[in-house]
Amino acid sequence: MFPWLAQGHAFPFLELAKKLAKRSNFHICFCSTPSILNSIKQSDKFSLSIQLIELHLPSLPELPPQYHTTKGFPPHLMPTLEEAFDMASPSFFNILKNPSPDLLIYDLIQPWAPALASSLNIPAVYFLVSSAATSAFMFHGIKKNSSGKYIDYLSDLIKKKVVPVDPLVQDPVEEDDHEKGVMEIIQWLDKKERSSTVFVSFGSLIIVATIVCSQMIPGLAHLIDCTTTGLIIRDLTSVVVTDRDLTGVVVADRDLGASITSAEKANSDFQEEMEDIALGLELSGVNFIWVVRFPCGAKSKVDEELPKSFLERTKERAMVIEGWAPQMKILGHPSIGGFGSHCGWSSVMESMKLGVPIIGMPMHLDQPLNARLVEDVGIGLEVRRNKCGRIQREEMARVIKEVVMEKDGGKMKRKTREMGEAIKEKGEEEIEWVADELIHLCG
């Protein structure tokens, strides 16, 4: 297994590895940089059938080893990281030769990986940690005659077999309760009323684009079976696995504008977004836990970036955390009534699995599409940005109150729980199907 250097990619790969490793047929070699593998070792315990293999990127002056992951990564260095990743292809080729696997499962960013595998007669599997929704939208734009479930439509369009895949969401780790800071969070939540608190977290928050997404994709839900993921069987040398969103593709039409900005402009956007979110949370009047992340090496401090006296004004109903928080454990707490999210697909799946409705605040890539899907299927609401791409504090407060406090919020909670239960029921059956297909490819 060979994911891209982002936790939002590595952890779905790891979850798939863990599910496959439970079956006696599989031994998994999980290849990534030491930065990614160290985060995996710290966050998870897994089968001895999963072997971690280090891939060392070439040494570049502006890219020290701690930047061999996108976690806390300075956005202006992304082209350099991609260049270094490509330059590591000879090292990866040597890894492929020994232990000479029966199958390669690779990611979106490294198209050279299946070519190297093919030269060694190793079948390749293309795993997209992404949504059927995004793929359906793109393919529907090419061939506008879809009906029924997306997975059937996609199979018909590309004339390939498609096998559904279980949602690859990490389970909460019980031992985390004893880690520094986790107990404090849980004790704080224990004092709150049931479904009274919003958890706000945007993953690795990097503001590099100005996005306007009003009226982006109305009426999307009828096109998509949003609980469907797929394994697309091509031929001996290539297989595609899709898992609900196509991270890395910018969906764009006349209502979605994205412009990459300079690092200085990105920092300005980040400060504006912080202020808008802070004041929106304050105006809502609800309890909240807000996880704030800064890029690696940034000298920012939470109290300096937030509006003056914000922490003092909200101290009775707020907890602001810098850096890391146990997301799955927080989402699973009974006091949580909503999840303020950028709508990356892993976060949507986690929220759905735990029955927590979503307050969508998408930023870029597939996120606006995912947020509109969340709203269309009734498991959350999107906070609409203005024409300049900024979050409006009044709109944010309105959406939070509607999700957490109003009658419609109760309907969303029920719908989210129902969809989560339906996905769980399908899960093991789908993984068995995937495992059988992979074994078949290995001959």
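By how many helical turns are E395 and R398 separated in helix 15? Being three residues apart in that helix, they are separated by about one helical turn, and their side chains meet in a salt bridge with 3.1 Å from N to O. This is a predicted model, in which local features need pLDDT of at least 70 and side-chain atom pairs count only at pLDDT 80 or more, whereas totals for chains, interfaces and linings use all residues. Residues are numbered from 1 along each chain as its sequence is written, and side-chain values use heavy atoms, with hydrogens and water left out.

**Salt bridges**

- A salt bridge is taken here as a side-chain nitrogen of Lys or Arg within 4 Å of a carboxyl oxygen of Asp or Glu, and by this rule the count comes to 14.
- R393 forms one such bridge with E275, the closest N and O atoms being 3.9 Å apart; the pair links distant parts of the chain, with R393 in helix 15 (residues 393-404) and E275 in helix 9 (residues 263-284), 118 residues apart.
- Helices (H or I, at least four residues) and strands (E, at least two) are DSSP runs, numbered from the N terminus.
- Both partners of that bridge are partly exposed, R393 at 28% relative accessibility and E275 at 35%, where buried means under 20% relative accessible area, exposed over 50% and partly exposed in between, computed with a 1.4 Å probe on protein chains only.
- E282 and R313 also meet through their side chains in a salt bridge, at 2.6 Å from N to O, and this pair likewise links distant parts of the chain, E282 lying in helix 9 and R313 in helix 11 (residues 310-313), 31 residues apart.
- E282 is partly exposed, with a relative accessible area of 22%, and R313 is partly exposed at 42%.

**Helix 15**

- Within the E395 and R398 pair, E395 counts as buried at 19% relative accessibility, while R398 counts as partly exposed at 41%.
- Salt bridges that share partners join E272, E275, D276, R390 and R393 into one network.
- The 12 residues of helix 15 should span 16 Å at 1.5 Å a residue, and the end C-alpha atoms are 16 Å apart, which agrees; the expected span is 1.5 Å times one less than the number of residues.
- The buried residues of helix 15 are E395, M396, A397, V399, I400, V403 and V404.

**Nonpolar cores**

- A nonpolar core is a set of buried Ala, Val, Leu, Ile, Met, Phe, Trp, Tyr and Cys residues joined through side-chain atoms within 4.5 Å.
- The largest core has 59 residues, of which M1, F2, L55, F92 and L104 touch the most other members, and helix 1 (residues 7-21) gives the most to this core, with eight residues.
- A second, separate core of 28 residues includes A278, L306, F310 and M396.
- Leaving out residues up to four places away in sequence, F2 touches residues including F13, C31, L55, F92, L104 and W112, contact meaning heavy atoms within 4.5 Å.

**The loop around G355**

- G355 is placed in the loop between helix 13 (345-353) and strand 14 (358-360), and at 12% relative accessibility G355 counts as buried.
- Leaving aside neighbours within four places in sequence, G355 is in contact with K413, T416 and R417.
- G355 and G420 are 65 residues apart in sequence and 6.2 Å apart in space, C-alpha to C-alpha.
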